[in-house]
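User: I'd like to practise reading a structure feature by feature. Could you take me through this one?

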Amino acid sequence: MHTVAVLAPDGVSGFDLSAACQVFASARLPDGSAAYEVRVCAAGDATSFAAGVPCYQLRAPYGMADAADADTIVVPGIGDSAAEPPAELLALLRAAAGRGARVVSICTGAFVLAAAGLLDGLRATTHWALAGRLAERYPRIEVDPSVLFVDNGRLLTAAGAAAGLDMCLHLVRADHGARVAAETARLVVMPLQRGGGQAQFIAQAMPEGGDAGVNLQPVLEWMQRNVHRALSLDEIAHQAHLSVRSLNRRFRAQTGTTPVQWFLRARIHHARALLESTDLPVEQVAAASGFRSPVTLRLHFRRQVGTSPVGYRTAFRPPAPQPPA
């Protein structure tokens with residue numbers, strides 16, 4: 001039987017740990033037998049965290065040594081991504097990868113895989129809010145903050161919390177086929193494949209600080225107030241009291257992108273807000289966000305967010321309350 005070891009180091013995310021256990025323990029083969037043997041492995045008692053807050057003490061039935069022969073090792077998120085993981089944990093992961101085991105992480109568990117050197121030269125993901133920190137600390141990793149998970153074959157990384165469920169279902173499907181995965185998804189009340197990626201959860205942030213004494217934040221706020229208009233580079237540069245050339249240079253330095261691309265993202269951000277908070281039809285959302293037509297909005301929305309405007313509204317807008325019978 002395929003053995004899955006879910007590690008429980010001190011500071012482990014309770015949600016990530018239990019989500020992996022739930023998916024793999026729920027998977028059943030067509031004859032009704034268990035598809036996996038699931039082991040929760042810890043080095044003594046561990047404190048479980050949620051959103052950085054200690055929640056409870058966890059006593060695992062297996063020790064870390066019991067993960068040494070596992071076919072798949074799952075590293076859940078950890079409470080402090082800045083902390084250096086225990087040397088024995090890193091040695092375990094390196095040995096597992098060296099013998100060909102599948103090693104996967106959920107959320108900030110990617111920092112543990114990175115510390116073990118397993119993600120060097122590979123594409124990986126983690127929670128979008130910490131993706132920049134992962135990329136800065138480990139520059140040899142190609143960090144993609146827009147996806148739910150990245151499959152590199154024997155090494156996989158998933159974004160925050162619920163994306164771990166997506167990745168685990170993906171692994172069930174890879175191991176046992178669509179039928180087993182679909183039944184497992186029904187048991188854990190999850191779609192087998194969610195639309196979109198992490199991009200739909202990322203809020204557009206203002207840059208921090210400026211360069212050479214010029215901070216673009218005032219002009220960015222002005223652009224956000226004018227997403228419904230067709231702003232030219234000349235008009236933006238005039239508002240910033242800069243030449244077009246200087247505008248482009250400072251935009252790249254402070255936001256990492258061009259004025260045109262930033263303005264497009266601001267329009268998409270405005271469209272998202274309208275989809276979440278109003279009942280406006282997509283045609284009116286498009287016009288209010290500066291797009292010439294709903295078709296143009298749908299095109300750019302899918303490129304940036306990974307789903308359609310209607311799909312986004314369905315996911316992020318609660319259904320209207322039903323009148324009493």
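**Reading the fold, piece by piece**

Analyst: Sure. The protein has 13 helices and 10 strands. Keep in mind that this is a predicted model.

User: What share of the 325 residues is buried?

Analyst: Buried residues come to 46% of the 325. As for the outside, the protein exposes about 15800 Å², with 54% of it supplied by carbon and sulfur atoms.

User: And how do I read the contacts along the chain?

Analyst: Look at sequence separation. Of the contacts with a separation of 6 or more, 63% are between residues 24 or more positions apart.

User: Let's do the sheet. What's the general idea behind strand pairing?

Analyst: Strands in a sheet pair through backbone hydrogen bonds, and the pairing can be parallel or antiparallel. Here, six strands make an open sheet, ordered β2-β1-β5-β6-β10-β9, with mixed pairing. The edges are β2 (36-41) and β9 (149-151): each has a single partner strand, so one side of each has no neighbour in the sheet. Direction ignored, neighbouring strands of this sheet are turned by 15° against each other on average.

User: Which way do β1 and β2 run, and how many bridges join them?

Analyst: They run parallel, and six bridges join β1 (residues 2-7) to β2. For a spot to look at, His2 stands opposite Tyr36 in β2.

User: Now a single residue. Where does Ser105 sit, and is it buried or exposed?

Analyst: Ser105 belongs to strand β6 (residues 102-106). Its relative accessible area is 0%, so it counts as buried. Check what surrounds it next: beyond neighbours within four places in sequence, Ser105 contacts Val75, Ala110, Leu113, Leu156, Thr157, Ala158 and Met167. With Ala110 there is also a polar contact, where a polar side-chain atom of Ser105 lies 3.5 Å from the backbone nitrogen of Ala110. For a sense of how the chain folds back, take Ile73: it is 32 residues from Ser105 in sequence, yet the two C-alpha atoms are 8.4 Å apart.

User: What comes after β6 that I should look at?

Analyst: The loop between β6 and α3 (109-115), where Thr108 is placed. Thr108 has a relative accessible area of 6%, which is why it is classed as buried. Its side chain reaches the backbone nitrogen of Ile78 at 2.7 Å. Leaving out neighbours within four places, the contacts of Thr108 are Gly77, Ile78, Ser81, Thr126 and Leu130.

User: Which phi value does Cys107 have?

Analyst: Cys107 has a positive phi of about 55°, although it is not a glycine. Cys107 is in the loop between β6 and α3 as well. With a relative accessible area of 13%, Cys107 is buried.

User: On to helices. Why do residues three or four places apart point the same way?

Analyst: An α-helix has 3.6 residues a turn, so residues with that spacing point the same way. Try α8 (residues 233-240), where Ile236, Ala237 and Ala240 are buried. Seen down the axis of α8, these fall within an arc of 100°, so they line one face of the helix. The face turned away from the buried side carries the exposed residues Asp234 and His238.

User: What covers the buried residues of α8?

Analyst: The cover includes α7 (217-225) and α9 (244-255).

User: Then which residues are buried in α7 itself?

Analyst: Val219, Leu220, Trp222 and Met223 are the buried ones in α7. They span an arc of only 160° around the axis, which puts them on the same side of α7. On the other side, Pro218 and Arg225 are exposed. The cover over the buried residues of α7 includes α8, α9 and α10 (259-277).

User: One last stop: what happens just after α8?

Analyst: There, His241 takes a positive phi of about 60°, although it is not a glycine. His241 lies in the loop between α8 and α9.

User: Is His241 buried or exposed?

Analyst: Exposed, because its relative accessible area is 72% and the cut-off is over 50%. Set that beside Cys107, which also has a positive phi without being a glycine but is buried at 13%.

Note on methods. Residues numbered from 1 in each chain as written. Predicted model: local features only at pLDDT ≥ 70, side-chain atom pairs only at ≥ 80, totals over all residues. Heavy atoms only, no water. Helix = DSSP H or I, 4+ residues; strand = E, 2+ residues; numbered from the N terminus. Buried < 20%, exposed > 50% of the residue type's maximum accessible area, 1.4 Å probe, protein only. Contact = heavy atoms within 4.5 Å. Areas by Shrake-Rupley, 256 points an atom, 1.4 Å probe, with all protein chains shown as cover. Polar contact = N/O pair within 3.5 Å; in protein donor to acceptor, adjacent residues only side chain to side chain. Pairing = 2+ DSSP bridges. Axes fitted to C-alpha atoms, helices over the stretch in contact; angles between N-to-C directions. Arc of directions from axis to C-beta.
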